[in-house]
Amino acid sequence: MKTLIKLFAVVTLAFTVQLSMGQISGTKHDFSTKGWNPSGEICIVCHTPHNAITGAEPLWNHELSTATYTVYSSSTMDATPGQPNGNSKLCLSCHDGTVAIDNFGGATGGSQFIGGNKNLGTDLSNDHPISFTYDAALAGTDGGLFDPTTTNSGLGGTITADMLFANEMQCASCHDVHDDTNGDFLVMSNAASALCLTCHNK
Ligand code: HEC
Ligand code: HEC
Ligand code: HEC
Ligand code: HEC
C-alpha cells in the first residue's frame, strides 16, 4: 500500500510538473540545459526563492544593468518616457547586452552575452516607448489611443488590468517572458497587427 501511495504521488507530481512547465519549458528563456547552468533549473537564472536582489521584484536573481539609456522621443508623441523602470529593467538586465546572461545568483564573471537583434543595446530610441503612464488622460489627449481603463484587452480584462504595470507601459505589456505560444513571447498574436490595434485606434 505504501508503495502504491508513493507511486501515485510520483505520477501526480510528474503530471503537475509537466503541466506547469508547458509554457516556458523549451523556449528561448529555458536555460535549464545550458552548460553554464549546472543546476538544470529553469527559474533560477531569473528568480530565487531566497536571498533575492533587494528591491527587484519579483524575487529577482539576475544581475541588473547600470546603463543609462537613450529613450524614444518624437514630436508627435504626447507621453514623455523617462529612463526604463519597473520590470523593463529586468528584461534589460539581459537584453541591453551589457550584463552576461550567466551573471545570476550573485555571480559576476559570466561570459555569455545576448547577440544579434535580440540585443536591443542601450539606445532605445528606435524601440517602442516604455516606462510611461498610459491612462484615460493620455488617451484623451492623444485621440488615437483607446482608453485603457475601459477597453477590453482581449486577454480577459481591461488593457490597464492585463497589460499595464502600475498604469505604465513596459516590455511586459507586449511580451510574456514565460509563454512563447504566440512566438516572440508576445502576449497575443500580432496577426493583422492585433496586438498594436488593442491600444492604437487606427
Ligand atoms: C528569462 C527570465 C525569466 C525566467 C527564466 C522566469 N521568469 Fe518569472 N518573471 C520574469 C520577469 C521579467 C517577470 C516580471 C514581468 C512579468 O510579470 O511578466 C517575471 C514574473 C514572474 C512572476 C510574477 C508575475 C506573474 O506572472 O505571476 C512569477 C510568479 C514568476 N515570474 C515565476 C516564474 C517561475 C516559477 C519560473 C520558472 C518556471 C520563472 N518565473 C522563470 C522573468 C523570468
Ligand atoms: C536571463 C536573461 C534574460 C532575461 C531576464 C530576459 N531575456 Fe529575453 N531572451 C534571453 C535570451 C538569451 C534569448 C535568446 C537569444 C538568442 O536566441 O540569441 C531571449 C529571447 C527573447 C526574445 C526573442 C524570442 C524569439 O523567439 O526570438 C524576446 C521577444 C525576449 N527575449 C523578450 C524578453 C522580455 C520582454 C523580457 C522581460 C519581460 C526578457 N526577454 C527577459 C535572455 C533573457
Ligand atoms: C508595443 C509592444 C512592444 C513593446 C513595448 C516591446 N516589444 Fe519587443 N517585440 C514586439 C513585437 C510585436 C515583436 C515581434 C517582432 C517585430 O515585430 O519586430 C517584438 C520582438 C522583440 C524581440 C525579438 C527581436 C527580433 O528581431 O528577433 C526582442 C528581443 C524584444 N522584442 C524585446 C523587448 C524588450 C526587452 C522590450 C522592452 C525594453 C520590448 N521588447 C518591448 C513588441 C513590443
Ligand atoms: C499596451 C498598449 C500598446 C500596444 C500593445 C502598442 N502600443 Fe504603441 N503606444 C502606446 C502608447 C500609450 C503610446 C504613446 C502615445 C503617445 O503618447 O502619443 C504608443 C506609442 C507608439 C508610437 C509612437 C507614436 C509617436 O507619436 O511617436 C508608435 C509608432 C506605436 N506606438 C506603434 C505601435 C505598434 C506598431 C504596435 C504593435 C507592434 C504598438 N504600438 C503596440 C500603446 C501601445
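# Ligand sites and pockets in a predicted model

Visitor: Which helices each supply at least two residues of the shell around ligand 3?

Guide: Helices H2 and H5 each supply at least two residues of that shell around ligand 3. Please keep in mind that this is a predicted model.

Visitor: How many residues surround ligand 3, and which are the closest?

Guide: Ligand 3 is surrounded by 14 residues, and the closest are Asn117, Lys118, Cys171, Cys174 and His175. By class, the shell holds 6 nonpolar, 6 polar and 2 charged residues.

Visitor: What donates to the iron atom of ligand 3?

Guide: The iron atom has a single donor from the protein, the NE2 atom of His175, at 2.0 Å. His175 itself belongs to the loop between helix H5 (171-174) and helix H6 (194-199).

Visitor: And how far is a nitrogen atom of ligand 3 from the side chain of His175?

Guide: An N or O atom in the side chain of His175 is 2.8 Å from a nitrogen atom of ligand 3.

Visitor: Which side chains come up against an oxygen atom of ligand 3?

Guide: Two examples can be given. A polar side-chain atom of Lys118 is 2.9 Å from an oxygen atom of ligand 3. For Asn117, an N or O atom in the side chain is 3.2 Å from an oxygen atom of the ligand.

Visitor: Where does ligand 3 sit?

Guide: Ligand 3 sits in the largest pocket, and ligand 1 sits in the largest pocket as well.

Visitor: How much space lies in that largest pocket, then?

Guide: The largest pocket holds about 1,700 Å³ of space. Its lining is made of 49 residues, and those nearest its centre are His29, Cys91, His95, His175 and Val177. His175 is thus named both here and as the donor to the iron atom of ligand 3.

Visitor: Which helix gives the most to the lining of the largest pocket?

Guide: H2 gives the most, with 5 residues. Helix H2 (88-95) and H5 each contribute at least two residues to this lining.

Visitor: How does the lining of the largest pocket divide by class?

Guide: The lining has 30 nonpolar, 11 polar and 8 charged residues.

Visitor: Back to ligand 1. Which residues are around it?

Guide: Around ligand 1 are Ile24, His29, Ile42, Cys43, Cys46, His47, Pro58, Trp60, Asn87, Leu90, Val177 and His178. This shell has 8 nonpolar and 4 polar residues, and no charged ones.

Visitor: Which side chains have a polar atom by a nitrogen atom of ligand 1?

Guide: His47 has a polar side-chain atom 2.7 Å from a nitrogen atom of ligand 1. In the case of His178, an N or O atom of the side chain is 2.9 Å from a nitrogen atom of the ligand.

Visitor: Pro58 was in that list. What kind of peptide bond joins Glu57 and Pro58?

Guide: The bond is cis, with omega about -10 degrees. Pro58 lies in the loop between helix H1 (2-20) and H2.

Visitor: What about the phi of Asn51?

Guide: Asn51 has a positive phi, about 55 degrees, although the residue is not a glycine. Asn51 is also in the loop between H1 and H2.

Visitor: New topic: which pocket does ligand 4 take?

Guide: Ligand 4 takes the space of the second largest pocket. Helix H3 (136-142) and H6 are the elements that give two or more residues to its shell, and H6 gives the most, with 3 residues.

Visitor: How many residues surround ligand 4?

Guide: There are 21, and the closest are Ser74, His128, Cys196, Cys199 and His200. The shell divides into 14 nonpolar, 5 polar and 2 charged residues.

Visitor: What distances separate ligand 4 from Ser74, Met77 and His200?

Guide: For Ser74, an N or O atom of the side chain is 2.6 Å from an oxygen atom of ligand 4. Met77 uses its backbone: an N or O atom there is 3.3 Å from an oxygen atom of the ligand. A nitrogen atom of ligand 4 is 2.8 Å from an N or O atom in the side chain of His200.

Visitor: Lastly, how many cavities of 30 Å³ or more are found?

Guide: The search of the whole structure finds 1 cavity of that size. The largest cavity contains about 60 Å³ of space.

Visitor: Which residues line the largest cavity?

Guide: The lining consists of Val71, Tyr72, Pro81, Gly82, Pro84, Leu124, His128, Pro129 and Ile130. By class, these are 7 nonpolar and 2 polar, with no charged residues. His128 also appears among the closest residues to ligand 4.

Technical notes. Residues numbered from 1 in each chain as written. Chains lettered and ligands numbered in written order. Predicted model: local features only at pLDDT ≥ 70, side-chain atom pairs only at ≥ 80, totals over all residues. Heavy atoms only, no water. Near = heavy atom within 4 Å. Polar contact = N/O pair within 3.5 Å; in protein donor to acceptor, adjacent residues only side chain to side chain. 1 Å grid on protein atoms, 1.4 Å probe; cavity = no way out; pocket = protein on both sides within 12 Å on 5 of 7 lines; lining within 4 Å. Sits in = over half its atoms within 2 Å of the grid points. Nonpolar A, V, L, I, M, F, W, Y, C, P; charged D, E, K, R; others polar. Donors = N, O, S within 2.8 Å, 3.2 Å for Na, K, Ca; no water. Helix = DSSP H or I, 4+ residues; strand = E, 2+ residues; numbered from the N terminus. Points joined across faces, edges and corners; volume = space filled by probe spheres on them.
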